[in-house]
Amino acid sequence: MTAMPATMRLVGRDVPRVEDAALIRGRGRFVDDIAPPGLLHAAFLRSPHAHAAIAHIDTEAARALPGVHAVFTLDDLAPHLNDTRLVVALPSPAYRQELHRPVLAQTEVVHVGEAVAVVIAESRHLAEDAAALVEVEYDPLPPVADCVAALEPDAPTAHRDASSNLAAELVLEYGAVDAVFATAPHRFAEHLSIHRGGSHSMECRGVVARPDPLEDRLTVWSSTQTPHTAHRLLCDLLGLDERAIRVITPDVGGGFGPKLIFYPEEVVVTLAARLLGRPVKWIEDRGEHFVATTQERDQSWDVELATDGEGRILGLRGTLVHDHGAWTARGVNIPQGAVSAMPLPYVVPAFRMAMKVAVTNKVPTTPVRGAGQPQGVFAMERLLDRAARGLGIDRGEIRRRNLVPGERMPYATPLKTRGGMQVVLDSGDYPRCQAMALEGADWAGFPERQRAARAQGRYLGIGVANYVEGTGRGPFEHVSVRIEPSGRIVVATGAAAMGQSTHTMLAQLVAEQLGGDMSRVQVIAGDTAAAPMGIGGSNSRQAVLAGSSAHVAATRVREKVLHVAATMLEAAEGDLEIEGDAVQVKGVPEMKVTLAAVARAVAGTPGFAIPGGRGPGLAASEEVVIDAMAYANGTAVAEVEVDAETGGVTINNLVFAHDCGNALHPRIVDGQLMGGIAHGIGNALFEHMRYDEEAQPTSTTLADYLLVTATEMPPVRILHMHSPTPLNPLGIKGVGEAGVIPVPAAIASAIEDALSPFGVRIAQVPLSPVDLLALIDPQASGSAA
Amino acid sequence: MTARRIALTVNGARHEAETPVRQHLADFLRGTLGLTGTHLGCEHGVCGACTVLLDGRAVRACLILAVQAEGRSVTTVEGLAPDNGPLHPLQAAFCANHGLQCGFCTPGMLTTLAEFLKDSPDPTEEEVRVAISGNLCRCTGYDSIVAATMEAARALREARA
Amino acid sequence: MKPAPFAYHDPRSIEEVLDLLASLDNARLLAGGQSLMPMLNMRVAFPDHLIDLNRVEGLTGIMEEGGSIRIGAMTRQRDIEESEVIRARLPLLAEALSHVGHRQTRNRGTIGGSLCNLDPSAELVAVATALDAVLEVQGSAGIRELSIHDFPVGFMTPALAPEEMLTAIRLPVPPAGHGTAFTEFARRHGDYAIVSAAVLLVLEGSRIARASLTLGGVGAGPLRLRTAEAMLVGGAPSEATFGAAAAECAGIEAMSDPQAPAWYRRRLSAVLTRRALETAAARAAV
């Protein structure tokens, strides 16, 4: 299953996860499990309006409630802040206006759920009681509920002082697109829309901040994917030096994107703890998660594909309107990622996509697992299906003709990343991967299955989608490896764990070099006091970046251990091996010296030389810099049955063939893929974050916003290819987001195929049974509701 | 009127404590007793993370008031296996099958399945899926949980035989 | 997401409950709590008093009495689902219960709580309507009996006076030669149905002697399809008969909500009615 060298004893194998021992007994420590003595609880008062001016805030009644310690508005907090805004936007020349969100709304609210005030009380119950007593006088303003309508010339503006709703505009292009289209023999156009969803980690967000008067330091536990970013921003906003704040990520109950953002609650809770001199906790509840945690995916696409008579792509062009939400909480990376994902698997000679990023009175959008790529893949794959049908070519075949051939790897595309670097597809064999998926799904035998089913009045369909994903976004991740005088191995990293087995991955890589016993390795991830710098969890990056740093650092420590031990044992380095807690002479295990002894020998004794002559300590710190992204790829094939009477969809089979290079831990790779696939099924059929025309969210419970459960999961088969990337020493590519990317496109393709007797064209996800029945029988839906 | 003293058995040990009457059982277990293994994912009865056994039956602890547990017996994830003893077969199978990633939904899955396997010692995969259809997991896609449950069911049957 | 303050009462007898109901303002009865507790946690319900029925004597149990099954209002859904008597005598109820929520909610949820909550999509309301349930309602003046058909008086509003409570439900056991079926369309397993259909057919020889068709989820309350029932009685069970009866759904009043518009509910109603009729007829014929 794995392509890792067979000589490795841990890496590439399904070793037990180090995370499980605590989690399986309910002994994990999530942010809500942290309860320092004297703890106070925060509740936020949030806007019920999508857009309104704040005329007045009266906190008197709330302050008077017994058990309430403080009620803060921005007026109260501003004197203690260096800036009242969160300036977090990624750099880009594309912005047309600055939309830095405030720490708390002060004069205007721009989405339902925006925090206006915070109550700190003895219990969460009391804090919520008091929040209900805060009186805010709102003057409602016209809301902007739709990103396309937002850009109409006479649209109201989502921010009352803005001159327009255009947050940013940018174009990604190469080649003579219009000339290609002018002469192309075939053109296929589509209008597509993809709707909003959330990440919905099972653990919502949360912050605990504790002032420590003995150390004159604030310790902040946050359920975040980016503790170092939070640390930087907290220091900046509160005007404190780096040592005065320590940010720790405890166990994190899933992230899936939105937890990489720095949020107002993190600074408000930290400042409240500082002002009150007491620990303060805020745990986001699910209702808040629906209106205060960032979301994604609302996009409207107009795209056109030019091909020759054999279905070979000549050019691709179009426009994209992206719903930015009300603030810039990250940047323009989602539309950029969406558009970049379109051509990646294929040879596309000419390309232009113009993106407009529209401000709306909704929760800001930032990456959710997949980060724009599911949308881009959906657009590309819908166009290829359209072309296949128009040209009478099999849908698998038209893709095969256009996939970047294996022999052209590495393939330098004309595309550029958001950092301006050229996109070079480093490795892989995309046509072979697709062939594997099609064969696994018995694509060739499907027409017969479809015919047999139709004879019984049943509608089966099959669909395929390809993706190529840039993983392991650089530039680096910090990892240090140190053997303590106890002989234990401590690994500290800027990477952040959120359920994706980061501790196991690092322990595996380090133990591989240092004795093979993972139980001797302690991994500290997500603690700014343990790692001087870090970027954190996003972009399917941590195995690639942190894994590479860990591997190199551990290898350097190993070299030093062997060198020092050779001196101590009076043996040749080449004759030594590290086994468990000791270095021994190969074949003569009684000739050994413990790691503890080696560590102590180089810890230094006053007046004596350090043995080995390579300086003190057994430690190495690495930030392997990898700018180029490692491109993973895959193909999803879905087979569905649609009940043409109800619009209900059953996925009968899903095959997912993929290539993430070497697999550090095959079972974890499968686990990551399966989670992504489930999320993709949700995006295709279930998850729809609904807003009404006043931008009021209408799916704000988990009974309304539907996450896939065990009974909705189809039989899934995962097939593996291993094309190691030359870009990192482990030959690995990221896998955290892969599963979600092609699944909506494959399911849409399958549904369209199933409903071809009705002439149905699928141009959106998610697809509800109501949507499908309306497509099957347009007259039914046209009749009076 | 706003608080009451209650006595109940949790994981085999008797506890007496005062609780606000409006506090649900999950907050009581977590906050008052410090048993933080029971997690809260939605507090509106959908996600299943807070599932505990009340007199042996799987229930959502966010939908029961602590005062309603007066005199009852509660089992949480911490009570599935002795403190330093071997894991419950479900726990062992979850670890062996990568049935948990972030681990947040895991306590609710385990308690739900512990009851289920008592009632249905020889289930089909489909029955397992129905049994956990009230427990949301965002990490695993559920297959590994189903596989773990089938393995645990086998182990439990063999132990009984 | 924590409840607003309330006073908590846990009476032990029906008389105590009735006394509390008579003396307290803005009181709510707490049955299984699977609907009320989320509303409390989300602060969309604000009772000043919560009267917990879970320790009240005499509200649970399943008993066959004459031609009916009597179920105490506080009987847990799970106990009903697994009851041998119910499975043998009222399989429609057991079938419907397998669609009600999940294991954890049925372990706690009660039949009386579900009926009084009167969610338009509630499976138990549709089944009680299809089976012509009789409700026992107790107040300070004593016990009165109420037909399920007179129970809903508005959207999620039962015909209960503020000082009354539901104590039991009686379901007449259909005669031999009957077949029942419950079909529903929900987005996911265990979700409230968008539309459900509960059907009872009694066959005599090759003719339909009695038909009962009830839809859930289409309007504010359960919808008994009397016209379609009349069309079926006297006819032979056949695709054409069932199709014609199901076609009656085209004219029903249906509600629209963010999940499904009225036209979709009407379409589902016809499809589910037809499918339920076919299944019920097949079961009756066995």
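**Domain layout of chains A and B, and the setting of C:Asn41**

Chain B is assigned two domains, with domain 1 covering residues 3-79 and domain 2 covering residues 89-160. The model is a predicted one. Over C-alpha atoms, the centres of domain 1 and domain 2 of chain B lie 22 Å apart. The two domains of chain B also touch. Here 18 residues of domain 1 are in contact with twelve residues of domain 2.

Chain A is divided into three domains. Domain 1 of chain A combines residues 20-28 with residues 474-622. Domain 2 of chain A is built from residues 34-141 and 205-283. Domain 3 of chain A takes in three segments, 299-403, 410-472 and 627-782. The centres of domain 2 and domain 3 of chain A are separated by 37 Å, again over C-alpha atoms. Contact between this pair involves 23 residues of domain 2 of chain A and 24 residues of domain 3 of chain A.

The overall form of chain A was examined next. Chain A contains 21 helices and 31 strands. Its C-alpha atoms occupy a box of roughly 90 × 70 × 50 Å along the principal axes. The radius of gyration of chain A is 28 Å. A compact globule of 785 residues would have a value near 28 Å, so the two agree. Burial was assessed over the 785 residues of chain A, and 65% of them count as buried. Contacts were sorted by distance along the sequence. Among contacts in chain A with a separation of 6 or more, 80% join residues 24 or more positions apart.

The surface and charge of chain A complete this part. The accessible surface of chain A is about 25800 Å². Carbon and sulfur atoms contribute 52% of that surface. Chain A carries 66 positive and 91 negative side chains. The centres of these two sets are 6 Å apart.

In chain C, one residue was followed in detail. C:Asn41 belongs to helix 2 of chain C, which spans residues 36-41. The relative accessible area of C:Asn41 is 1%. Buried means under 20%. C:Asn41 therefore counts as buried. Its contacts, leaving aside neighbours within four places in sequence, reach two chains. On the chain B side, C:Asn41 is in contact with B:His24, B:Glu43, B:Cys62 and B:Leu63. Within chain C, the partners of C:Asn41 are C:Met1, C:Lys2 and C:Pro3.

Methods. Residues numbered from 1 in each chain as written. Chains lettered and ligands numbered in written order. Heavy atoms only, no water. Helix = DSSP H or I, 4+ residues; strand = E, 2+ residues; numbered from the N terminus. Rg over C-alpha atoms; globule rule 2.2 N^0.38 Å. Buried < 20%, exposed > 50% of the residue type's maximum accessible area, 1.4 Å probe, protein only. Contact = heavy atoms within 4.5 Å. Areas by Shrake-Rupley, 256 points an atom, 1.4 Å probe, with all protein chains shown as cover. Lys, Arg positive; Asp, Glu negative; His and termini not counted. Charge placed at Lys NZ, Arg CZ, Asp CG, Glu CD. Domains from an automatic or database assignment.
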